Amino acid sequence: RQRNEDVTTLASAQGSLREEVKTLAQRLLERGLTSGDSLFSQIREALVSAGKEMETAEQNLGKRDGRAALPFEERALRDLQRADALYRDVQVQQGQPGGGGGGGGGGQSAQDLADLFELENDRMRNQYEAVQQEATAGGAQEVDETLERLRQLAARQQQENERLQRQAEA
């Protein structure tokens with residue numbers, strides 16, 4: 001029951017995060033930053049790709065299948081990390097490695113985008129870790145059940161061995 005609630009919460013969070021990524025990709029397009037083969041164009045592509053992966057993950061989470069969602073979550077995380085790395089390249093090219101300095105009016109919007117990337121990356125990492133922990137917990141339960149069955153089998157085998165030994169002595 002708790003697991004179902006957790007998966008429902010993750011599905012809801014996944015949907016919210018997917019919408020934020022979609023909005024960020026749309027903002028890049030609206031600001032005209034994605035022309036040609038620019039880094040911003042590559043960033044937008046990574047965001048769109050992450051959004052698609054997140055949508056599939058959300059659907060799997062909606063079906064209460066955290067294990068099926070995990071590969072899509074991992075790919076979405078990689079896409080968001082790639083977008084973040086590309087954005088850091090943009091900052092370096094603009095002379096803003098730490099978000100400081102930098103010229104003119106573009107500095108604030110660049111910082112806003114950096115903040116958004118940081119926020120999205122942190123949220124995605126947290127969500128991925130939650131799904132991974134859930135999958136691990138399910139796997140641990142299966143291992144525990146298997147170990148218990150093995151213990152029972154070993155006990156029965158030991159009893160059978162003792163019975164056979166008593167028969168041989170008699």
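P71 is located in helix α3, where helices are DSSP runs of H or I with at least four residues, strands are runs of E with at least two, and both are numbered from the N terminus. At 34% relative accessibility, P71 is classed as partly exposed; in this scheme buried means under 20% relative accessible area, exposed means over 50%, and partly exposed lies in between, with a 1.4 Å probe and protein chains only. The C-alpha atom of P71 is 8.0 Å from that of A57, and the two residues are 14 residues apart in sequence.

The model is predicted: local features need pLDDT of at least 70, side-chain atom pairs count only at pLDDT 80 or more, and totals for chains, interfaces and linings use all residues. Residues are numbered from 1 along each chain as its sequence is written, and side-chain values use heavy atoms, with hydrogens and water left out.

The overall architecture is considered next. The secondary structure of the protein consists of 4 helices and 0 strands, and the order along the sequence is α-α-α-α. The protein has 170 residues, of which 32% count as buried. Among contacts with a separation of 6 or more, 72% join residues 24 or more positions apart, a contact being defined by heavy atoms within 4.5 Å. The accessible surface amounts to about 10300 Å², and carbon and sulfur atoms contribute 48% of this area; the areas were obtained by the Shrake-Rupley method with a 1.4 Å probe, and for residues only the protein chains shown count as cover.

In soluble globular proteins, nonpolar side chains tend to be buried together. Here the largest nonpolar core comprises 18 residues, and those with the most contacts inside it are F40, I43, L47, M54 and V90. A nonpolar core is a set of buried Ala, Val, Leu, Ile, Met, Phe, Trp, Tyr and Cys residues joined through side-chain atoms within 4.5 Å. Two or more residues of this largest core come from each of α1, α2 and α3 (66–93), and α2 gives the most, with 7 residues. A second, separate core has 6 residues, including L10, A11, A57 and A69.

Rolling a probe the size of a water molecule over the atoms shows where empty space is left. The largest pocket encloses about 170 Å³ of space. On a 1 Å grid over the protein atoms alone, a pocket is an open set of points where a 1.4 Å probe fits, with protein on both sides within 12 Å along at least five of seven lines, and lining residues have an atom within 4 Å of a point. Grid points are joined across faces, edges and corners, and the volume is the space filled by probe spheres set on the points. The lining of the largest pocket is formed by R18, K22, A25, Q26, R44, L47, V48, G51, K52 and E55. The elements giving two or more residues to this lining are α1 (2–30) and α2 (39–62), and the largest share, 6 residues, comes from α2. By class, the lining has 3 nonpolar, 2 polar and 5 charged residues, where Ala, Val, Leu, Ile, Met, Phe, Trp, Tyr, Cys and Pro count as nonpolar, Asp, Glu, Lys and Arg as charged, and the others, Gly among them, as polar.

Several arginines were also examined. R82 lies in helix α3 and is partly exposed, with a relative accessible area of 41%. Apart from neighbours within four places in sequence, R82 is in contact with E45 and A46. R82 and Q42 are 40 residues apart in sequence, with a C-alpha to C-alpha separation of 9.2 Å. R88 is also placed in helix α3, and its relative accessible area of 38% makes R88 partly exposed. The C-alpha atoms of R88 and L39 are separated by 10.0 Å, at 49 residues apart along the chain. R64 lies in the loop between α2 and α3 and is partly exposed at 39% relative accessible area. Phi of R64 is near 65°, a positive value in a residue other than glycine.
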